[in-house]
Amino acid sequence: MSTTRDQTGLPFMKWHGAGNDFVIFDSRGRSAVTTEPLARALGDRHRGVGFDQLAEIRDSDAADIDLDFWNSDGSRAGACGNATRCVARYLFDEGGRDRLTIRTTRGVLEARLVDGAVHVNMGPPQMMWDEIPLSRAMDTRHLPLDGDPMGVGMGNPHAVFFVDDVNAIDVAERGRAVEFDPLFPQRTNVEFAEVRALDEIRMRVWERGTGITLACGSGACATAVAAAERGLTDRKVRMEVDGGWLTLDWREDGVWMTGPTAHVFDAVLTKAFLEGVE
Ligand SMILES: N[C@@H](CCC[C@H](N)C(=O)O)C(=O)O
């Protein structure tokens, strides 16, 4: 029987960036706690907490912190731009620094605090078929699927479709079909983008392992890269996603992203919940 004030459980934070929502564990100074079953149980919006991604901060021997990500279906995500920005905000709020290095599975990323805004360098895009990865060698700028998407890796796979009217797209139906297309051996995230101007894009997203979300930072980076590569936009764009606005700037050293961060609440998972995770 669980008590209403179980102090023996596991503390966590809830954050969001433009409506892309996260559970964050701060595991500095202790062993990592996340397992695939725990991520799946916590990601359940009815029986758990609910999140688009779970992020776990860990001590690092190569950067200021290590950061790992899980999707709500329990699968691992190699990159998560909006969660990286939220974690950077949390660490900047501790005070004493305006630069951070964050090691993720794709490498060490840099975050900067400039005039109160958190900027994250999500790294250079991966444009080769085996980096994304795709199932065989091909021109990643024009994938052999209806709608002529471009494939871009940002530490995770993305298929970016350019459309005339993003509101006319059934994101769930098309996104799910593309996520599981055999072209993508590790499945893929799927973006639908409407170019409004040389410096403005409207984008909706289907995330691998999670489904429709209100924003996807790495997806926004991939979309900005694909639009610039196809000559549709400049390399710096504003992007309207379902949950707000992001700014992307594809520079020599990588794709820099900025956008909102919000700390929603802190809470403790009960011991009973943790014991029920299978
Ligand atoms: N919301 C994230 C991306 C999430 C990762 C994705 N679902 C995957 O499995 O690759 C972001 O802000 O980048």
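Let us start in a loop: arginine 47 sits between α1 (36-43) and β3 (53-58). Arginine 47 is exposed, because just 11 other C-beta atoms lie within 10 Å, and a residue counts as exposed at 12 or fewer. Take arginine 187 as a distant partner for comparison: arginine 47 and arginine 187 are 140 residues apart in sequence, and their C-alpha atoms are 26 Å apart in space. Please keep in mind as you explore that this is a predicted model.

## Two domains

Now step back to the whole chain. The domain assignment gives domain 1 (10-120 + 261-276) and domain 2 (150-258). Between the C-alpha centres of domain 1 and domain 2 the distance is 22 Å. The contact takes 23 residues from domain 1 and 23 residues from domain 2.

Which elements give two or more residues to the side of domain 1 that touches domain 2? They are the helix α2 (81-93) and the strand β8 (117-121). The most comes from β8, with four residues. Sorted by class, this side of domain 1 has seven nonpolar, twelve polar and four charged residues.

## Around the ligand

Next, look at the ligand. It is surrounded by 18 residues, and the closest are Ala77, Asn82, Asn156, Gly217 and Ser218. By class, this shell has four nonpolar, eleven polar and three charged residues. Domain 1 and domain 2 each provide at least three residues of the shell. Among the elements, α2 and α4 (217-229) each supply at least two shell residues.

The UniProt record, an unreviewed entry, places the feature "binding site" at several positions, among them Asn82, Asn156, Arg208, Gly217 and Ser218.

## Two cysteines at one spot

For "active site", the unreviewed UniProt entry lists Cys80 and Cys216. They span 137 residues in sequence, yet their C-alpha atoms are no more than 7.5 Å apart, so they gather at one spot.

Cysteine 80 belongs to the loop between β5 (76-77) and α2. Leaving out residues up to four places away in sequence, cysteine 80 touches Gln53, Ala55, Phe69, Gly217 and Ser218. Cysteine 216 belongs to the loop between β13 (211-213) and α4. With the same kind of sequence neighbours left out, cysteine 216 touches Asn20, Asn189, Val205 and Glu207.

Are these two cysteines buried or exposed? Cysteine 80 is buried, with 31 other C-beta atoms within 10 Å. Cysteine 216 is buried too, with 37 C-beta neighbours inside 10 Å. A residue counts as buried when 20 or more other C-beta atoms lie within 10 Å of its own.

## Two binding-site residues

Glycine 217 and arginine 208 are both in the "binding site" list of the UniProt entry. Glycine 217 is found in helix α4. Beyond four places in sequence, its contacts are Gly17, Cys80, Gly81, Asn82, Arg85, Met122, Leu246 and Met257. Arginine 208 lies in the loop between β12 (200-207) and β13. Beyond four places in sequence, arginine 208 is in contact with Asn71, Glu179, Arg187, Thr188 and Asn189.

## The nonpolar core

The largest nonpolar core has 73 residues, of which Ile24, Ala220, Cys221, Ala224 and Leu248 touch the most other members. Helix α4 gives the largest share of this core, seven residues. The core draws at least three residues from each of domain 1 and domain 2.

One of the well-connected members is isoleucine 24. Not counting residues up to four places away in sequence, isoleucine 24 touches Phe12, Met13, Trp15, Ala55, Ile57, Cys86 and Val87.

Leucine 246 is another residue to find, in strand β15 (residues 244-251). Leaving aside neighbours within four places in sequence, leucine 246 is in contact with Ala18, Ala215, Gly217, Ala220, Met239, Val241, Met257 and Gly259. Leucine 246 and phenylalanine 161 are 85 residues apart in sequence and 18 Å apart in space, C-alpha to C-alpha.

Here are three of the residues met above, with their surroundings.

| Residue | C-beta neighbours inside 10 Å | Class |
|---|---|---|
| Leucine 246 | 30 neighbours | buried |
| Arginine 208 | 24 neighbours | buried |
| Glycine 217 | 28 neighbours | buried |

Terms used: Residues are numbered from 1 along each chain as its sequence is written. This is a predicted model: local features need pLDDT of at least 70, side-chain atom pairs count only at pLDDT 80 or more; totals for chains, interfaces and linings use all residues. Domain bounds come from an automatic or database domain assignment. Two residues are in contact if their C-beta atoms, placed from the backbone, lie within 7 Å. Ala, Val, Leu, Ile, Met, Phe, Trp, Tyr, Cys and Pro count as nonpolar, Asp, Glu, Lys and Arg as charged, and the others, Gly among them, as polar. A residue is near a molecule or strand if its C-beta atom, placed from the backbone, lies within 6 Å of it. UniProt positions are given in the numbering used here, feature names are shortened, and annotations may be inferred rather than shown by experiment. A nonpolar core is a set of buried Ala, Val, Leu, Ile, Met, Phe, Trp, Tyr and Cys residues joined through C-beta atoms within 7 Å.
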